[in-house]
Each structure stands twice: as C-alpha cells, then as structure tokens.
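Visitor: Please take me through this model a step at a time, beginning with its less usual backbone geometry and ending with the packing of its helices.

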Amino acid sequence: MPDVPPRAALEAASRLAIDALLGGAPALLALADRLVAAGHEVALVGGSVRDAILRPQAPGDLDLATSARPDEVLAALAGWADATWDVGIAFGTVGARRDGQQYEITTYRADAYDRATRKPEVTYGDSLLEDLRRRDFTINAMAVTLPDRTLVDPFDGLVDLAALRLRTPATPEESFADDPLRMMRAARFAAQLQVSVAPEVRAAMTAMAERITMVSAERVRDELSKLLLADRPRPGIELLVESGLADHVLPELPALRLEIDEHHRHKDVYEHSLIVLEQAIELERAHEPTSGADLVLRLAALLHDIGKPRTRRFERGGRVSFHHHEVVGAKLARKRLAALRYPNAVVDDVAMLVELHLRFHGYGSGEWTDAAVRRYVRDAQEQLVRLHKLTRADCTTRNARKAAALRRTYDDLERRIGELAAAEELAAIRPDLDGNAIMAVLGIAPGREVGEAYRWLLERRLDEGPLGPERAEAELRAWWAQRTTAD
Ligand code: ATP
Ligand code: MG
C-alpha cells in the first residue's frame, strides 16, 4: 500500500486538482449558477471528482448531483444547453451538452433496491449526504459543491484514493445485497485504477459471488468490457477468478487452471492466457499507437484456449494433447459471448479468431504454398491484422531462441502475404478497353491483332494508371494508325 500523506495535505492537493478542473470548464460553473439561481443545490460527484484528483487530464462527461428534480433541471438549462436529453429519466438523470462538453445531472437519490427483482427502485432524496451514502465505493462517494467548491467526503474517500484502496461506504454485505453489480464494478476498478480491494470487500465478494446471477447480462457485460479495456486488466481478472464471480459470469476462465502434465513442466493454461492477453495489449500499442484498446482482440486473447480443458487427453509416454481445441474453443466463446449479450459482430469476430489461432503453426519453417497463404488471408477476412497480433501474442515460451525463431517465421508469413497481395492486385489490373471494345474501335475481327492491341493497352495502363475510355480509344486509334503505316 502506498504511503498516504496526512489528510490535510490530500485536501490541499485535491483543491488544486478541482480548481484545475473548474478552470478548464468555465461552462460548468455557469451551469451550476443556473441551478443555484433557481433555488437548487448542485455538486460535482462520483467519477468526475475521483478522476480529477487521481489523473488530472481533460475530463470526459461531467457527473453532477442536484436537489432539483429532472423537470426542474430541464427548465433551468433551457436556453443554455445546446441539447438536453434523458439518460434515463426513470433513474433521474438528465444529459446536457454545451460547446461539446457533456454533463450528466442526476437528482439526489434515496433509492431502495428491491432485493427480490434487483431492479433499482428510484426514489428522489433531498440530501447530498444521503445520496453519497448510496454510492458504490468511498472513492466514488465524494462531491464538490458548487459554486463554493467545498469538498464533501463523508467516508474518507480521499484517503482511500491516496492509498489506492477500494472500500464501501456501508458494509460491503449491505452494499452488494442492494446491488450485486457493485462486485463486478469492484473488479473493474481494480483493473482501471489499480486499486486493491479492502479485505472485507474481497470477503463479501467471495461469499456473495453467486448473487451476480440476479443482475442482467447487459450490466455485467458493460463492466466486464470496461475491465478488459483497462490498460492493465490482470488484477481485475484475477479478482473475478479468485472471488468466484468468474464462475458465474465467465466460467470458462477459472476452468483453465489446469496443470498440463503431472511433471508441472508447463505453465497452466490460465496463466498462459493472461500473459497472451498482456502481450496482445502490447502489440495493440506497438502496431497501431493511435487506435484505442481493442475489445475483440482482448476477448480473443483471453479466451483463445478455452477449448483446452474439454479436449485434454493424456497420451502414452506422459504426453498431453488438446486435439481440435480451437474448434471447441470457438464454439464455447460464441456461446458465452452471446449469453453475455455481446453484439453479433463481436461474437463472430472473437469466435473466428479463436478458431484460427493455431493455423499459423502449420506454416512450419515456411513450407506453405501460395495457395495456403491465400487461404489463410481469405479465411481470416477482416480479422487478418488481429490474427497477426493474436498469433504473435500466443508465444509465451521462456526460451528466447525459440521465441525469436517463431517471430521470424511469422515475419516471413506476413512478408509473403504482403508480396502476394501486391502481386495479385497487379494481376487484377485490366486495360481500359476489353477485347470487344478494341474490336469495335478498330473495326477488326477476333485474332492475333486484338491480343496485340490488348497487351499494348495493358502496358499503357501499367505505365500511366487508368486512362479512361475516351483517352484509351484515342490512343488506341493513334497506335493502330502508326502501326499500320509502319507495316
Ligand atoms: P466511468 O464513468 O469511468 O465508467 P464512474 O465511476 O463515473 O466511472 P459511472 O458508471 O459513470 O462510473 O457512475 C457514476 C457514479 O455513480 C459512480 O462514480 C458512483 O458514484 C455511482 N454509481 C454508479 N453505479 C453505481 C452502482 N451500481 N451502485 C452505486 N453507485 C453507483
Ligand atoms: Mg461516469
């Protein structure tokens, strides 16, 4: 745990961070003025306060809490916001945008969850403190009231944030009984913020893991995606697995914890999968530094071997085989991701990558024919670049020579793919006029001369790029005239 400075020092630092945030968001103060002028309270809350203190940078959406009811928020912002919309009026949240900045303004909550249906029943409250008490973690239960910029931190979230520690405002048992999704959120924050969950939080997650089944697949999926899209997802994944949450939301993952052989010579498949995920994330950055985190690649990396437990066979001589685990794995991935309500495109792409992740190993030391290389490209379709990354990431041997050899072999495959692609694009180039057009333009019958004209036009096309039919026709006539005179 990091050394935590005294609270006074943390408050001073957070004041600076909040001033910096507000300095960069003058419209936020104007928005607050409107609500206050109409007799309401308003405060910056939740993720906005946390992130401002933790990682000062351009804020995303700004989260606000207010005593105003949603219709009063809409009335106060009329004529000021460029647009307003209901994020979920049912949840008391109004969205607003001005000059490209988005705001989510939520009426104070005093909700009680219906513990039978898990549906949050929204009741509005009148107090900021009560609203904060209902939030998931102490680091998310801080507010800065506006316009006076008072930090409201009833649960010592500031200290937890400095200690990178995840605690709940009330007991974790009460909190997770109210909304079991918070257990997934704990794992998500462990990944995103690199916070460690307090022992009592971990204990409650472990004891109550099964209750996650009461939460809708869509809510679980959204937290899982945020977890996987973090810079370093490992601690979040490990928490899911160790607490037993993964047994309910992604059971194929804990099932990977098998010893490959009785000699314990190989890393188990679970640890291998985590390393493949981490290596895939490295390649994501190395290859396309501007593109963001890639959910499909990360899911494929994490799940690529989930067919192994089902296909494991102990062969003679102490060997272990996993025949067709890529096919079985693709099926399992498809089923699981569909159950988590991922969009069809995500399901299809991940399943395809899982199914193809071993194909490269047939390449040996480069014996594939051009036809085999073409088939690899055709079968991977749009997923080819991801397949390159997944296949490269899937090498976790500690033997540096072996790893370098595999890398070189894959370089060689990529080079051949590039050469073939270039050559075949060239091969696909046609002259501007086809044989029929040539015969019509020159008034000649099929024969040797048509072929000659065709090849001449093709050379012109390769030299000049596309000529267009008119210029091609004019040049063809000129060539023909000059050729006949020359004869
Ligand atoms: P991010 O926006 O990066 O996903 P966040 O912390 O802002 O992170 P949101 O889901 O936007 O998360 O929620 C905003 C705030 O609402 C949180 O900071 C937290 O205070 C509160 N909150 C969100 N979901 C829950 C929940 N299930 N139970 C209790 N409080 C919640
Ligand atoms: Mg947020």
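Visitor: In which loop is the place of D156?
Guide: This is a predicted model, where local features need pLDDT of at least 70 and side-chain atom pairs pLDDT 80 or more, while totals for chains, interfaces and linings use all residues. Residues are numbered from 1 along each chain as written, chains are lettered from A and ligands numbered from 1 in written order, and side-chain values use heavy atoms, without hydrogens or water. With helices (H or I, at least four residues) and strands (E, at least two) taken as DSSP runs numbered from the N terminus, D156 falls in the loop between β9 and α6 (157–162).

Visitor: What phi does D156 have?
Guide: D156 is not a glycine. Its phi is nevertheless positive, at about 65 degrees.

Visitor: What is the omega of the peptide bond from L146 to P147?
Guide: P147 is found in the loop between β8 and β9. The peptide bond that leads from L146 into P147 is cis, with omega near 5 degrees.

Visitor: In what order do the 7 strands of the open sheet stand?
Guide: Strands count as paired if DSSP finds at least two bridges between them. The pairing in this open sheet is mixed, and its 7 strands follow the order β3-β4-β5-β2-β1-β8-β9.

Visitor: Which strands stand at the edges, each with a single partner strand?
Guide: A strand with a single partner has one side left without a neighbour in the sheet, so the edges can be recognised from the pairing. The strands in that position are β3 (83–88) and β9 (150–152).

Visitor: How many degrees does the twist average from one strand to the next?
Guide: Angles run from 0 to 180 degrees between N-to-C directions, and axes are lines fitted to C-alpha atoms, for helices over the stretch in contact. Going from one strand of this sheet to the next, the average twist is 30 degrees.

Visitor: Which residue of β5 is the bridge partner of L62?
Guide: Strand β2 (residues 62–66) and strand β5 (residues 101–107) run parallel and are joined by 5 bridges. Within β5, the bridge partner of L62 is Y103.

Visitor: Which residue of β5 does G95 stand opposite?
Guide: β4 is paired in the antiparallel sense with β3 over 5 bridges, and it also pairs in the antiparallel sense with β5 over 6 bridges. On the β3 side, W85 stands opposite G95. On the β5 side, G95 stands opposite E104.

Visitor: Which residue in the turn of the β4 and β5 hairpin has a positive phi?
Guide: β4 and β5 form a hairpin that has 2 residues between the strands. The residue in this turn with a positive phi, of about 50 degrees, is D99.

Visitor: Which residues of α4 make the contact with α2?
Guide: Helix α4 (residues 70–77) lies across β2, β3, β4 (93–98) and β5, running at about 15 degrees to β4. Helix α2 (residues 26–37) packs with α4 at an angle of about 120 degrees, their axes being 9 Å apart. In this contact (heavy atoms within 4.5 Å), α2 contributes L31, R34 and L35, and α4 contributes V73, A76 and L77.

Visitor: Which residues of α19 make the contact with α13?
Guide: Helix α13 (residues 269–287) and helix α19 (residues 384–393) pack at an angle of about 135 degrees, with 8 Å between their axes. From α13 the contact is made by V276, Q279, A280, L283, E284 and H287, and from α19 by K389, L390, R392 and A393.
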